[in-house]
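Please open the structure in your viewer and keep the selection panel at hand. The stops below each begin with something to select and then say what is found there.

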Amino acid sequence: MTDTTTILAETRARIADAPDVEALRAIEREVVGKDGVVASLLKSIPGLPPEERKGAGQSANELKQAVLAAIEEREASLGSAALEAERRADGFDGTLPPPRVERGTLHPVTQVTRELEDLFTSMGYMVLDGPEVELDDYNFEKLNIPADHPARDTQDTFYCSSPGSSASLLLRTHTSPVQVRAMERLEPPFRAIVPGKVFRQETTDASHEHTFHQMEGLVIDRNVSVGHLIGAMKTLLRGIFKKEIEVRLRPGYFPFVEPGFELDARCPFCTDGCSVCKRTTWIELLPCGLVHPNVLKAGGLDPEEWGGFAFGLGLSRLVMLRYGIDDVRHLLGGDLRFLDQF
Ligand code: DAH
């Protein structure tokens, strides 16, 4: 009978030379398989003299364990060599953990916009959109702000031209032009909100930015009164701040409403003055009013039959209030250290 030590030495040499995993499997079958060398060694034991049987069994088993261990070791080194070759070939390293899946978050303006859209759609409002590059006609003229009107000075913007057209185009300064676009398209009565981006020619600072967000609201119906307006504004504030908010109306001038108001909300953050309300306990939040008859006419509606109210919520300002953001330039600055916090 061949000495198991010799078999082991020979088998180890063959394992070390095995070029691939298939060759290893063949050696494994041949040595420790069902009809392999170890099996026939074990089978021959009953024919041995009794005193040799125990030793023969032991060495057959040791041979089996040693061969399996050598195969396993060689297989591991063949595997990492294969991975290494793959990595060199295409730069892919299969031994590295997969890249972490970075999950983004919604921008704070988007979060607040969606929340307000839910609130208003639950009250029967539609959510409308309008062009950001707008006609002068809609941004000013049809909103009762003719070319020589001083109100234009407070809303300077970026003017553009369209090749082959004499239309006067600009980046809209507010979401109000969608009021007239809505009246032209929709059958009254209707209710709508218009969240969106607006633009101004501004020298930027902590509270001024050339691009920011507003949300226009418009309700067109018969017999609309200031009472309806106040009721809607209180519901809006309750939805935003999750509690009853006291409001006050001051006269405010906007050419497209008559009467026009500045609606102030009791500061939701203090009772006796803080930095948010500049120690006044009131925050100026919602310019609004009853739609001016000239605007109804510009939208193709008869002011004798239809009336309405409108409001222009400063969405960027509201987002800043909600999250305690002290500089409007953070909102569109694109800095991930800021955005990651939401
Ligand atoms: N569009 C105005 C602005 O940007 C805000 C505004 C005031 C909108 C009164 C309204 C309104 O709908 O009724 O300054």
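Begin by selecting strand 2 (residues 133-135) together with strand 4 (residues 168-171), which in this predicted model pair in the antiparallel sense over three bridges. Within this pairing, Leu-135 has Leu-169 of strand 4 as its bridge partner. Now add strand 3 (residues 159-161), which runs antiparallel to strand 4 and is joined to it by three bridges; here Ser-161 has Ser-168 in strand 4 as its bridge partner. Follow the chain from strand 3 into strand 4 and you pass through a hairpin with six residues between the strands, in which Gly-164 takes a positive phi near 75°.

Next, select Asp-136, which is found in helix 6 (residues 136-139). Is Asp-136 buried or exposed? With a relative accessible area of 13%, Asp-136 is buried, because the limit for calling a residue buried is under 20%. If you display its surroundings and set aside residues up to four places away in sequence, Asp-136 touches Glu-141, Arg-152, Tyr-159, Ser-168 and Leu-170.

Now turn to the open sheet, in which seven strands follow the order 1-5-6-10-9-8-7 with mixed pairing. Colour strand 1 (126-127) and strand 7 (247-251), which stand at the edges; each has a single partner strand, so one side of each is left without a neighbour in the sheet. In general, the strands of a sheet pair through backbone hydrogen bonds, either parallel or antiparallel.

At one of these edges, select strand 1 with strand 5 (residues 190-199), a pair that runs in the parallel sense over two bridges. Met-126 is the residue to centre on, since it stands opposite Ala-192 in strand 5.

At the other edge, select strand 7 with strand 8 (residues 257-266), where the pairing is antiparallel and extends over five bridges. The two strands form a hairpin with five residues between them, and Val-247 can be seen opposite Ala-265 in strand 8.

From the sheet, move to helix 10 (residues 315-323), whose buried residues are Leu-315, Ser-316, Leu-318, Val-319, Met-320 and Leu-321. Which elements do the buried residues of helix 10 pack against? Displaying the contacts brings up helix 5 (108-121), strand 5, strand 6, helix 8 (226-241), strand 9 and strand 10. Just after helix 10 comes Gly-324, with a positive phi near 65°.

Now select the ligand and display the residues around it, of which there are 16, the closest being His-174, Ser-176, Arg-200, Gln-214 and Glu-216. By type, this shell divides into seven nonpolar, seven polar and two charged residues. Three distances to oxygen atoms of the ligand can be checked in turn. An N or O atom in the side chain of Gln-214 lies 2.9 Å from an oxygen atom of the ligand, a polar side-chain atom of Arg-200 is 3.0 Å from an oxygen atom of the ligand, and a polar backbone atom of Phe-311 is 3.3 Å from an oxygen atom of the ligand. Of the 360 Å² of accessible area that the ligand has on its own, the protein covers 93%. To see which elements give two or more residues to this shell, highlight strand 6 (211-221), strand 9 (282-291) and strand 10 (307-313).

For the last stops, select helix 4 (residues 50-90) and, within it, Leu-68. Leu-68 is partly exposed, with a relative accessible area of 29%. Apart from residues up to four places away in sequence, Leu-68 touches Glu-28 and Val-32. Draw a distance from the C-alpha atom of Leu-68 to that of Val-31, and the separation is 9.4 Å, for two residues that are 37 residues apart along the chain.

Staying in helix 4, select Ala-70, which is buried at a relative accessible area of 15%. Leaving aside neighbours within four places in sequence, Ala-70 is in contact with Arg-12 and Ile-15. To end the tour, zoom out and draw a line between the C-alpha atoms of Ala-70 and Leu-315, which are 245 residues apart along the chain and separated by 71 Å.

How values were computed
Residues numbered from 1 in each chain as written. Predicted model: local features only at pLDDT ≥ 70, side-chain atom pairs only at ≥ 80, totals over all residues. Heavy atoms only, no water. Near = heavy atom within 4 Å. Polar contact = N/O pair within 3.5 Å; in protein donor to acceptor, adjacent residues only side chain to side chain. Areas by Shrake-Rupley, 256 points an atom, 1.4 Å probe, with all protein chains shown as cover. Helix = DSSP H or I, 4+ residues; strand = E, 2+ residues; numbered from the N terminus. Nonpolar A, V, L, I, M, F, W, Y, C, P; charged D, E, K, R; others polar. Buried < 20%, exposed > 50% of the residue type's maximum accessible area, 1.4 Å probe, protein only. Contact = heavy atoms within 4.5 Å. Pairing = 2+ DSSP bridges.
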